[in-house]
Amino acid sequence: MATAELKMNAIQKAVSAYGDNSTALKTSRNIEYDVFARVTRQLQIYADRSRAEFPKFAMALHKNRQLWVTLAADVSSDMNMLPRDIKAKIFYLSEFTDQETRKVLTGKASVAGLIEVNKAIMRGLSQAGDT
């Protein structure tokens, strides 16, 4: 009886440590989509409250910029296997995001353009069939 209890306790510990194995593994597209969704949601939340909660709005813009800098670095790598034209487009969007973020922070542009770019990327990721 004590052996059965020990065995059950070990199984419970394993399940709590490693989680439910029925959870599907996420693809890289799923992960990318989720990151874009979180960042874009933060931009949307604070867009309307940008004056009242400027530090949070600025942080949302910063996280969006970090996402795009990361993507630009990734497509600049020789290890990235995307087609050259796609790499160029992603790099261009990263530069656009950087410039547009500066304009948004200084009040010379709306955050709507950044949100729309992110949503377009999310649409592309979801149309790939993996999300």
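This passage describes the overall fold of a predicted model and then follows two residues, Thr40 and Asn64, into the packing of helices H3 and H5.

The structure is a predicted model, in which local features need pLDDT of at least 70, side-chain atom pairs count only at pLDDT 80 or more, and totals for chains, interfaces and linings use all residues. Residues are numbered from 1 along each chain as its sequence is written, and side-chain values use heavy atoms, with hydrogens and water left out.

The protein has 5 helices and 0 strands, where helices (H or I, at least four residues) and strands (E, at least two) are DSSP runs numbered from the N terminus. Its pattern along the sequence thus reads α-α-α-α-α. Of the 131 residues, 23% are buried (under 20% relative accessible area, with exposed over 50% and partly exposed in between; 1.4 Å probe, protein chains only). Where residues at least 6 apart in sequence are in contact (heavy atoms within 4.5 Å), 62% of these contacts join residues at least 24 apart.

Thr40 belongs to helix H2 (residues 28-47) and is buried, at a relative accessible area of 2%. Its side chain makes a polar contact of 3.1 Å with that of Asn118 (a pair of N or O atoms within 3.5 Å; within protein, one must be able to donate a hydrogen and the other to accept it, and residues adjacent in sequence count only if both atoms are side-chain atoms). Beyond four places in sequence, the contacts of Thr40 are Ile115, Asn118, Lys119 and Met122.

Asn64, in helix H3 (residues 54-76), is also buried, with a relative accessible area of 0%. Its C-alpha atom lies 7.5 Å from that of Thr40, 24 residues away along the chain. Outside the residues up to four places away in sequence, Asn64 touches Val39, Leu43, Thr97, Leu114 and Asn118. Asn118 thus appears among the contacts of both Thr40 and Asn64.

H3 packs against helix H5 (residues 112-127) at an angle of about 45°, with the axes 12 Å apart (lines fitted to C-alpha atoms, for helices over the stretch in contact, with angles from 0 to 180 degrees between N-to-C directions). H3 is therefore oblique to H5, given that angles under 35 degrees count as roughly parallel, over 145 as roughly antiparallel, 65 to 115 as roughly perpendicular and the rest as oblique. At this contact, Leu61, Asn64 and Trp68 of H3 meet Leu114, Val117, Asn118 and Ile121 of H5.
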